[in-house]
Amino acid sequence: MRVLISGASIAGPVLAFWLDRYGFDVTVVERAPTLRKTGGHAVDLFRPAMEISAKMGVLPRIEERATETTRLSIYRGGAGRPIRVDLTKIYRAASDRHVEIMRDDLSEIYYDAADVEYLFGDSITAISADGEVTFEHAAPRRFDVVIGADGLHSNVRRLVFGDEAGHTRFLRGYLAVASAPKALAPDGEMVGQVEIGRIAGVYSAQHLDDARVLFMFHSPELAYHHRDVQRQKELLHGAFAGIHPRVDGWLDQLDTTPAFYFDSITQLQIDSWSRGRVSLVGDAGYCPGPAVGGSTSLAVIGAYVLAGELARADGDYQAAFAAYEQRMREPVRRSRAFARGAAKTVVPGSAAALWAVTRGAQLVSALPTPVSRAVAKLNTKGVRMHDSIPVPDYCAGVWQH
């Protein structure tokens, strides 16, 4: 069975690994000319995604590349003394197994895990009902199944789902990441400036040659194209200029940054991710919201489940897609709900919320770890939601194709 996957970030390579293991003939097409290895931001893997990564044999590499950011210093207004937070206790409260890793490091690790065909510097231009696929550059080819793993702005979703492809819910926020000199970030620590409606911070990792500056802010929907970098930088300057000299210094890096990311915190809300012989996985199908919904772990789980169901269905892709959607529907619903709440609290919208967020984090980090973990485990819809997603075991008894 020949499968084409569009997208080589997270979900695409994970899906390619498992389909290759189950005996499928896999091709991955990626718009970028090479695997992206610069820029990007830190992402979280929670227990289910960690366990899937362990089955793939890549968990040691992932743990070696962990950011190891263990401390957070939060400055408010012009205060000279920060609120200090022990991030290790926050993570342990949220997950029994967790790692924070740079997105591009994780993508490279998953990419290296499977020996499948990659078509870089190309993209899909049309998909026919019988599986005929045309590309910008490569010759047309026929596939039994086509999977869109190409993110929130999915080309596959646009081609196949048409008007339904844009059914989104804007969570009234924006996220940006820029590269900066490593000297701006203390070892093992994130330094943040928090104001009502805005948060900025800088961090790095031991193996990186640079630091990353993260910006998040509340805003009504802004007018820009998702590929218009200059306009995005102008909007970012407008949202953060003058907050504090340290933030102005971070903004200065935008003129020379070798890598830049900017996007709305938007939730994709289509309820079916399959049509004919085409399906969607990860952010292409059910992005809960960048930075607020655990989308990276959800993408890993979704890719693993989709591959497992395709293998279990023995070539019946319609049955596989139906089973995949059934298994992922509840995790997606819960991730969406979690993200809507997180979007309101991660970036405080009022003075009271600002106090609650900063003091709440300080309180959790001050509690003994067994106490904070025991309290968190009582709430599987809140901070423990990502750990509580069930994952089937497909590794035994699947069909070989």
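**Exercise 1. Classify E68 in this predicted model as buried, partly exposed or exposed, and describe its backbone.**

Solution.
- Step 1. The relative accessible area of E68 is 51%.
- Step 2. The class "exposed" requires a value over 50%, so E68 is exposed.
- Step 3. E68 sits in the loop that runs between α3 (59–64) and β4 (71–76).
- Step 4. Phi of E68 is positive, about 55°, although E68 is not a glycine.

**Exercise 2. Carry out the analysis for D314: which accessibility class does it fall into, and where does it lie?**

Solution.
- Step 1. D314 has 43% relative accessibility.
- Step 2. Buried means under 20% and exposed over 50%, with partly exposed in between, so D314 counts as partly exposed.
- Step 3. Its location is the loop between α10 and α11 (317–345).
- Step 4. D314 is a residue other than glycine, yet its phi is positive, near 55°.

**Exercise 3. Describe the overall fold of the protein chain: how many helices and strands does it have, and how compact is it for 401 residues?**

Solution.
- Step 1. The chain contains 13 helices and 18 strands.
- Step 2. Its radius of gyration is 21 Å, and the globule rule gives 21 Å for 401 residues, so the chain is as compact as a globular protein of that length.
- Step 3. Along the principal axes, the C-alpha atoms occupy a box of roughly 65 × 45 × 35 Å.
- Step 4. Of contacts between residues at least 6 apart in sequence, 74% connect residues at least 24 apart.

**Exercise 4. Locate the largest nonpolar core and state which helix gives the largest share of it.**

Solution.
- Step 1. Buried residues account for 54% of the 401 residues.
- Step 2. In soluble globular proteins, nonpolar side chains tend to be buried together.
- Step 3. The largest nonpolar core has 80 residues, and I5, I62, Y110 and V281 have the most contacts inside it.
- Step 4. Helix α10 (residues 295–312) supplies the largest share of this core, eleven residues.
- Step 5. Leaving aside residues up to four places away in sequence, V281 touches residues including A11, L15, I147, Y286, A299, L306 and Y324.
- Step 6. Another core, of 25 residues, lies apart from the largest one; A176, A185, F215 and F262 are among its members.

**Exercise 5. Characterise the surface and the charges of the protein chain: what share of the accessible surface belongs to carbon and sulfur atoms, and how far apart are the mean charge positions?**

Solution.
- Step 1. The accessible surface is about 16,900 Å², and carbon and sulfur atoms hold 51% of that area.
- Step 2. The chain carries 45 positive and 46 negative charges.
- Step 3. The mean positions of these two sets are 7 Å apart.

Technical notes:
Residues numbered from 1 in each chain as written. Predicted model: local features only at pLDDT ≥ 70, side-chain atom pairs only at ≥ 80, totals over all residues. Heavy atoms only, no water. Helix = DSSP H or I, 4+ residues; strand = E, 2+ residues; numbered from the N terminus. Rg over C-alpha atoms; globule rule 2.2 N^0.38 Å. Buried < 20%, exposed > 50% of the residue type's maximum accessible area, 1.4 Å probe, protein only. Contact = heavy atoms within 4.5 Å. Areas by Shrake-Rupley, 256 points an atom, 1.4 Å probe, with all protein chains shown as cover. Lys, Arg positive; Asp, Glu negative; His and termini not counted. Charge placed at Lys NZ, Arg CZ, Asp CG, Glu CD. Core = buried A, V, L, I, M, F, W, Y, C linked by side-chain atoms within 4.5 Å.
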